[in-house]
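Here is a short report on a protein model with a bound ligand. It covers the ligand site, the domains and two sets of strands.

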Amino acid sequence: MNTVTTTIPREEIRRQLDLCRDIARLLPRGAGQPAAFVDTYGCQQNEADSERLRGYLREMGFSFTASEEEADLILINTCAIRQHAEHRVLGNVGALVHTKRRRPGQIICLCGCAMQRPGMAEEIRRSYRHVDLVFGPHALWRFPQLLLQVLEGKKRVFSVEDSPGAIAEGIPMVRQDPLKAWVSVMYGCNNFCSYCIVPYVRGRERSRRPEDILSEVESLARAGCRDITLLGQNVNSYGKDLGLGVDFADLLERVNAVPGDFRIRFMTSHPKDAGEKLFQAMARCEKAAPHIHLPVQSGCDRVLSAMNRGYTREQYLEKVRRLRELIPHIVLTSDIIVGFPGETREEFLQTLSLVEEVEYDALFTFLFSPRPGTPAAALPDPVPPEEKQRNFQQLVDAQNRISAKKHGAYVGTVQQVLVDGTSDDPDHPLTGRTPGGRLVHLSGEAGLVGRLIPVTITGSSTWALFGDPAAAETIQHNHHDQEVSQV
Ligand code: SAH
Ligand code: SF4
Ligand code: F3S
């Protein structure tokens, strides 16, 4: 499975940047700066990709708008993970026929995972004739070249060739949030879980070189970023393809050593590869957030094996026990698929019992969605949708009860909260995150945004915590007694 990773030469990226300037000259300058509307579906990996696409767009001279009507260029970065995600995108793309009719020069571009899925580009070619450019994740680094082809040739361009994938460094970025940043550490996935489309659309696992990651983190830290999430489909495979003897736990330690006042998160850890070395590193690194997203998918060994997950229920539970031994207040979140083909009621109840046993802080629950070309899509699926829906609801209800209980336990404690935004709730005009990543609605002045402050938790719900900035005496008191709980 290991492939020699292709790196796009830096000169190639510089050439793309030159093409951006050619595009800037070609674009109509009538009513001032041209505007781009960028919409992103799917996971953080897609968000990170959109930051690069925006980087290119900025080099081409675009400003950014939140209105499709006002845009000279529309770019939609799509997701293929579930059928629902694709349907939403296609519905919105369909509606753009009207937008383009009112603004005939408008350029419509679709990119991302759903475009790379077999059959999709053909469907766009046939049924969505107002779309000008279609490209998959593998062609992202060539976006300027592809757009130039559209502009010069006045023709539709499709670039969705299959590929094991490459690494491209040096693409400019327009980041969305000065306080929080995504840093991709690797791309692709080799796991081929039987239900999942990602390995087919994002290619093989390939890691960025540690020095490239570290210099990105250093510049973020210097710019005042307070929260950095290291991204990959399975970060625990980091480095295997590099042959440098650096694995993810080593990378975490190196990122932790970068000077600055920031928290480190990472997503996603595959339970089969997350182990003692990583857990020890998390416990040791003071910047590592006490949080792990450890998707279990199912609590039943037969289903786990049919999913090709590579661990058993007992092995998973053992990892959770060890994590909690090392980091007692660790926040634990997970993903679960309900209704995998042939999942019986009895097998679902094993998932429910695992959820009750682990008591996750939060859970992302999904109904199985057959993805064309994956092995699970070809399995017989005799369970009626109503039964799947009933199981799904039962799981959601159970988790809501658990989340409410977990959040309730914070009431009366003081948490170190990174204030990261404002909201329109007059009683709690600020939002923030605990070290473990739980959402806090809090009172206080907008000037607190960007600061890490002690917050007294006064209330809780299923979804969030509520609090007030701790009074000076409390801070003092907590400081002396070391009571600022690190949950
Ligand atoms: N790489 C990550 C997951 C990325 S996809 C990991 O392995 O943990 C995010 C979640 O979507 C998965 O964890 C899974 O729960 C869900 N998912 C993926 N494919 C799905 C499908 N075909 N139907 C329903 N849910 C799916
Ligand atoms: Fe999909 Fe499995 Fe890879 Fe995650 S690890 S992206 S679920 S194939
Ligand atoms: Fe979707 Fe692609 Fe992410 S399929 S979940 S955007 S990797």
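A polar contact is a pair of N or O atoms within 3.5 Å; within protein, one must be able to donate a hydrogen and the other to accept it, and residues adjacent in sequence count only if both atoms are side-chain atoms. The model is predicted: local features need pLDDT of at least 70, side-chain atom pairs count only at pLDDT 80 or more, and totals for chains, interfaces and linings use all residues. Residues are numbered from 1 along each chain as its sequence is written, chains are lettered from A and ligands numbered from 1 in the order in which they are written, and side-chain values use heavy atoms, with hydrogens and water left out.

**Ligand site**

Three polar contacts of ligand 1 are tabulated here.

| Ligand 1 atom | Protein partner | Distance |
|---|---|---|
| oxygen | Asp335, side-chain N or O | 2.6 Å |
| oxygen | Gln297, side-chain N or O | 2.7 Å |
| nitrogen | Ser369, polar backbone atom | 2.8 Å |

Taken alone, ligand 1 exposes 540 Å², and the protein buries 89% of that. Accessible areas come from the Shrake-Rupley method with a 1.4 Å probe; for residues, only the protein chains shown count as cover. Strands E15 (331-338) and E16 (362-367) are the elements that give two or more residues to the ligand shell. Strands (E, at least two residues) and helices (H or I, at least four) are DSSP runs, numbered from the N terminus.

The shell has 15 residues; Gln233, Pro295, Gln297, Asp335 and Ser369 come nearest. A residue is near if one of its heavy atoms lies within 4 Å of the molecule or strand. By class, the shell holds seven nonpolar, four polar and four charged residues.

**Domains**

Domain 1 spans 7-159, domain 2 spans 171-408 and domain 3 spans 414-475. These bounds come from an automatic or database domain assignment. Over C-alpha atoms, the centres of domain 1 and domain 3 are 38 Å apart.

**Strands**

Two strands pair if DSSP finds at least two bridges between them. An open sheet has three strands in the order E9-E12-E13, with parallel pairing. Its edge strands are E9 (180-184) and E13 (263-267), each pairing on one side only. E9 and E12 (227-231) share five bridges in the parallel sense. Trp182 stands opposite Thr229 of E12.

Five strands make a closed barrel, E17-E18-E19-E21-E20, with mixed pairing. Within this barrel order, E19 (439-442) and E21 (465-469) run parallel and are joined by three bridges. Val440 has Leu465 in E21 as its bridge partner.

How values were computed: Nonpolar A, V, L, I, M, F, W, Y, C, P; charged D, E, K, R; others polar.
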